[in-house]
Amino acid sequence: MPSAIGAHIAPANQNFTTPLPTVEEVSAGGVVVDTSSPQLPVAIIARINRGGRLEWCLPKGHPEGSESNEAAAVREIAEETGIEGSILTPLGSIDYWFTVTSHRVHKTVHHYLLEATGGELTIENDPDHEAVDVAWVPLADLARRLSFPNERRIADLARELLPGHLPS
C-alpha cells in the first residue's frame, strides 16, 4: 500500500549530520621554575573558561609567524607570567580536542622545562588578556594546583627531570 508521504521519508541509513570541519592548532609553553628558591616555585596562570569557571594552568600560546615552538614557549611564558626563562629541556607534547561553535579543534601543546632568569610576576604584559591571575606554586604542589590531568602529568615529569638540570 503506497504511503501518502512515502516519497518524503528518508532511508534509515542516510546520515543528515554534517561533520564539523577540523582546525589544527599548535601552542607552546611550559614549566618555568625559580631555581634560586629551595621550594622551586613555578609560575602558573589562571584563566576563566567558556563556562565561567576559573582554571589554573601552565602558560602557553601560539607561535607567531615563523617562530619556533621553543621561542614561542619562552615568549608566551614571559607575556602571561612576567617571568623570563631559558629552556632546560623539552617535557613532551600533549594533544586534545574541543569544539567551538563552527568547528572542532585538535590542539597540540609543546611543553618545556625552563629556569627563571628574571622578571616579576604579573599578568599586565599579556596581550590577549587571557590570564586573570598568576601565582608562584612550589614544584612539589604544582600537580595538585593545576586544573587539567594532562598538565598534571607534565608537572610530574618536570619534577622528575629538574634535579638532572640543577647544579650539584
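This passage walks through the fold, the surface and a few individual residues of the structure shown above. The model is a predicted one.

Looking at the chain as a whole is a good way to start. It contains 3 helices and 7 strands, and read from the N terminus these elements follow the order β-β-β-β-α-β-β-β-α-α. Contacts that reach across the sequence are plentiful: among those with a separation of 6 or more, 69% join residues 24 or more positions apart. Of the 168 residues, 39% count as buried. The chain exposes about 9,600 Å², and 53% of this area comes from carbon and sulfur atoms.

On the surface, Ile-48, Leu-54 and Val-132 make up a nonpolar patch of about 240 Å². Ile-48 belongs to strand β2, which covers residues 41-48. The relative accessible area of Ile-48 is 46%, so this residue is classed as partly exposed, and such a value is over the 30% that patch residues must exceed.

Glu-76 offers a contrasting stop on the tour. This residue is part of helix α1, formed by residues 69-81. Glu-76 counts as buried because its relative accessibility is 6%, where the limit for buried residues is under 20%. Beyond the neighbours within four places in sequence, the contacts of Glu-76 are with Ala-28, Lys-60, Gly-61 and His-62.

The aromatic rings complete the picture. The chain has 1 aromatic pair. In addition, the ring of Trp-56 has a charged residue over its face: Arg-145 lies there, at 4.7 Å from the ring centre.

Notes:
Residues are numbered from 1 along each chain as its sequence is written. This is a predicted model: local features need pLDDT of at least 70, side-chain atom pairs count only at pLDDT 80 or more; totals for chains, interfaces and linings use all residues. Side-chain values use heavy atoms; hydrogens and water are left out. Patches are made of residues with over 30% relative accessible area and no salt bridge: like charges are joined within 9 Å, nonpolar side chains (Val, Leu, Ile, Met, Phe, Trp, Tyr) within 5 Å. Accessible areas come from the Shrake-Rupley method with a 1.4 Å probe; for residues, only the protein chains shown count as cover. A salt bridge is a side-chain nitrogen of Lys or Arg within 4 Å of a carboxyl oxygen of Asp or Glu. Helices (H or I, at least four residues) and strands (E, at least two) are DSSP runs, numbered from the N terminus. Buried means under 20% relative accessible area, exposed over 50%, partly exposed in between (1.4 Å probe, protein chains only). Contact means heavy atoms within 4.5 Å. Rings of Phe, Tyr and Trp (its six-membered ring) pair if their centres lie within 6.5 Å; planes under 30 degrees apart count as stacked, over 60 as edge-to-face and the rest as tilted. A charge sits over a ring if NZ of Lys or CZ of Arg is within 6 Å of the ring centre and within 35 degrees of the ring normal.
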